[in-house]
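Please load the model in your viewer with the whole chain displayed, and keep a selection panel at hand. The tour below moves from one selection to the next and says what is to be found at each stop.

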Amino acid sequence: MNTKVKAIIRAQNMLLKKAAPFLAANGVPVFPVREAGKSPITKHGLLEATADATKVERWWNRWPMANIGMPTGPTSGFDVVDVDVRESGSGYESFHRAVTRLRAEDWALRVLTPSGGMHCYYPTESGRSQPNWVSAKTHIDFRGAGGYIILPPSVGTCDHDLRQPYTLVEVQTGANPIDGNALRDFLEPEWAQRRFATKLGKQPKEARATALKAWVATRPEGERNAGLFWAACRMAEAGNNFDTTVEALAPAAEHCGLADREIMATVHSAYRHARPAPAVTTPQEEPRPFAVSRQAVLAL
């Protein structure tokens with residue numbers, strides 16, 4: 001268990017005024033956030049985050065009830081998955097399915113938020129910086145480079161302005177990094193498809209069939225037919241005939257759990273809908289105008 005994790009564990013039982021400089025002294029960069037809120041107090045917010053305990057102590061002497069903000073990503077050494085609970089829905093079910101699929105249960109810390117949501121802290125992977133993203137429809141956010149979260153023992157407000165603490169509820173040893181892209185791919189198949197299409201377009205034509213096979217073979221349950229259909233459309237658009245596409249994609253589709261009948265029906269459907277790329281033809285000379293002699297006209 002590293003020093004930062006130990007510091008967060010110990011700080012949860014301290015007053016905010018004592019916790020902030022203690023965290024900084026143990027290598028956790030922090031910055032002041034408005035009392036019971038999430039907005040930075042200082043002008044440059046998370047960009048001013050520091051592990052200088054003296055500076056942090058001055059801040060909390062000035063704002064003793066300020067919440068404690070921590071930048072995520074390489075700056076702190078933690079990527080954080082934020083599972084929200086709102087009137088429009090909860091992210092818990094989606095996150096549980098993602099964790100099971102990706103085997104991503106090796107977080108370092110788990111913190112319950114005042115609204116009933118959850119922050120799962122994962123150690124960052126050395127040399128890798130992952131961006132923030134928001135998955136509004138699944139109520140899950142990812143806090144990486146350029147993001148921040150609120151640390152215990154901070155407090156927040158929930159229903160009827162009732163104040164509730166950020167509560168550390170689980171600590172795990174042997175924590176492992178999480179792949180933010182893989183998590184978003186699982187939560188938002190449409191986003192995964194767009195990201196893959198961008199990568200596919202940059203590959204040589206001869207390598208695309210191999211990439212499409214791998215794409216189909218790794219589609220999760222619920223996305224298998226859609227994944228095969230999309231891949232078959234790309235094969236058709238590239239000018240491949242039906243038999244070539246079946247030969248390329250059928251084994252991958254079988255691997256991910258589709259039956260032969262489903263595979264053939266899906267590929268047939270793709271060929272009915274796909275628009276093959278227009279053939280490139282060599283421009284030909286326009287025919288010369290037919291010459292009619294004066295005598296021929298007079299003879300008409």
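A residue is called buried when its relative accessible area is under 20%, exposed when that area is over 50%, and partly exposed in between. The model on display is a predicted one.

**The whole chain**

Begin with the entire protein chain coloured by secondary structure, which comes to 11 helices and 13 strands. The radius of gyration is 29 Å, well over the 19 Å that the globule rule gives for 300 residues, so the chain is more spread out than a compact globule. If you align the view to the principal axes, the C-alpha atoms fill a box of roughly 110 × 55 × 40 Å.

Switching to a surface representation, you are looking at about 17100 Å² of exposed area, of which carbon and sulfur atoms supply 51%. Buried residues make up 41% of the 300 residues. Among contacts with a separation of 6 or more, 68% are between residues 24 or more positions apart. If you then colour by charge, the mean positions of the 36 positive and 31 negative charges are 6 Å apart.

**Alanine 11**

Select alanine 11 in helix α1, which spans residues 3–11. Alanine 11 has a relative accessibility of 0% and counts as buried. Leaving aside residues up to four places away in sequence, alanine 11 touches Ala19, Phe22, Leu23 and Pro153. A distance label from alanine 11 to proline 21, 10 residues along the chain, should read 9.7 Å between the C-alpha atoms.

**Proline 153 and its cis bond**

One of the contacts of alanine 11 was Pro153, so to speak the next stop on the route. Proline 153 lies in the loop between β10 and β11, the latter being residues 155–157. Show the backbone here, and you will find a cis peptide bond joining proline 152 and proline 153, with omega at about 10°. Most peptide bonds, by contrast, are trans.

**The aromatic pairs**

Next, display the rings of the aromatic side chains, for which the count comes to seven pairs. Phenylalanine 31 and tyrosine 148 form an edge-to-face pair, 5.2 Å centre to centre and with 80° between the planes. This pair links distant parts of the chain, since phenylalanine 31 sits in strand β1 (residues 31–33) and tyrosine 148 in strand β10 (residues 148–151), 117 residues apart. Which of these two rings belongs to a buried residue, and which to a partly exposed one? Phenylalanine 31 is buried, with a relative accessible area of 0%, whereas tyrosine 148 is partly exposed at 23%.

Move on to tryptophan 59 and tryptophan 60, whose ring centres are 6.5 Å apart and whose planes stand at 65°, so that this pair is edge-to-face. Tryptophan 59 is buried, with a relative accessible area of 9%, and tryptophan 60 is buried as well, at 0%. To finish with the rings, select Phe95, Trp107 and Tyr122, which ring pairs link into a cluster.

**Lysine 55**

Lysine 55 is found in helix α3, residues 53–62. Its relative accessible area of 29% makes lysine 55 partly exposed. From lysine 55 you can draw a line back to phenylalanine 31, 24 residues away in sequence and 9.8 Å away in space, C-alpha to C-alpha.

**Histidine 119**

Select histidine 119 in strand β7, residues 118–123. At 5% relative accessibility, histidine 119 counts as buried. Beyond residues up to four places away in sequence, the residues that histidine 119 touches include Val80, Val81, Asp82, Leu109, Ile149, Ile150 and Tyr166.

**Two positive phi angles**

The last stops concern backbone torsions. Most residues other than glycine have a negative phi. Arginine 103, which is not a glycine, has a positive phi near 55°, and is found in the loop between α4 (92–102) and β6 (109–112). Histidine 139 is likewise not a glycine and has a positive phi of about 60°; select it in the loop between β8 (133–135) and β9 (140–143).

Is each of these two residues buried or exposed? Arginine 103 is exposed, with a relative accessible area of 68%, which is over the 50% cut-off. Histidine 139 counts as buried because its relative accessibility of 9% is under 20%.

Methods: Residues numbered from 1 in each chain as written. Predicted model: local features only at pLDDT ≥ 70, side-chain atom pairs only at ≥ 80, totals over all residues. Heavy atoms only, no water. Helix = DSSP H or I, 4+ residues; strand = E, 2+ residues; numbered from the N terminus. Rg over C-alpha atoms; globule rule 2.2 N^0.38 Å. Buried < 20%, exposed > 50% of the residue type's maximum accessible area, 1.4 Å probe, protein only. Contact = heavy atoms within 4.5 Å. Areas by Shrake-Rupley, 256 points an atom, 1.4 Å probe, with all protein chains shown as cover. Lys, Arg positive; Asp, Glu negative; His and termini not counted. Charge placed at Lys NZ, Arg CZ, Asp CG, Glu CD. Phe/Tyr/Trp six-rings, centres within 6.5 Å; stacked < 30°, edge-to-face > 60°.
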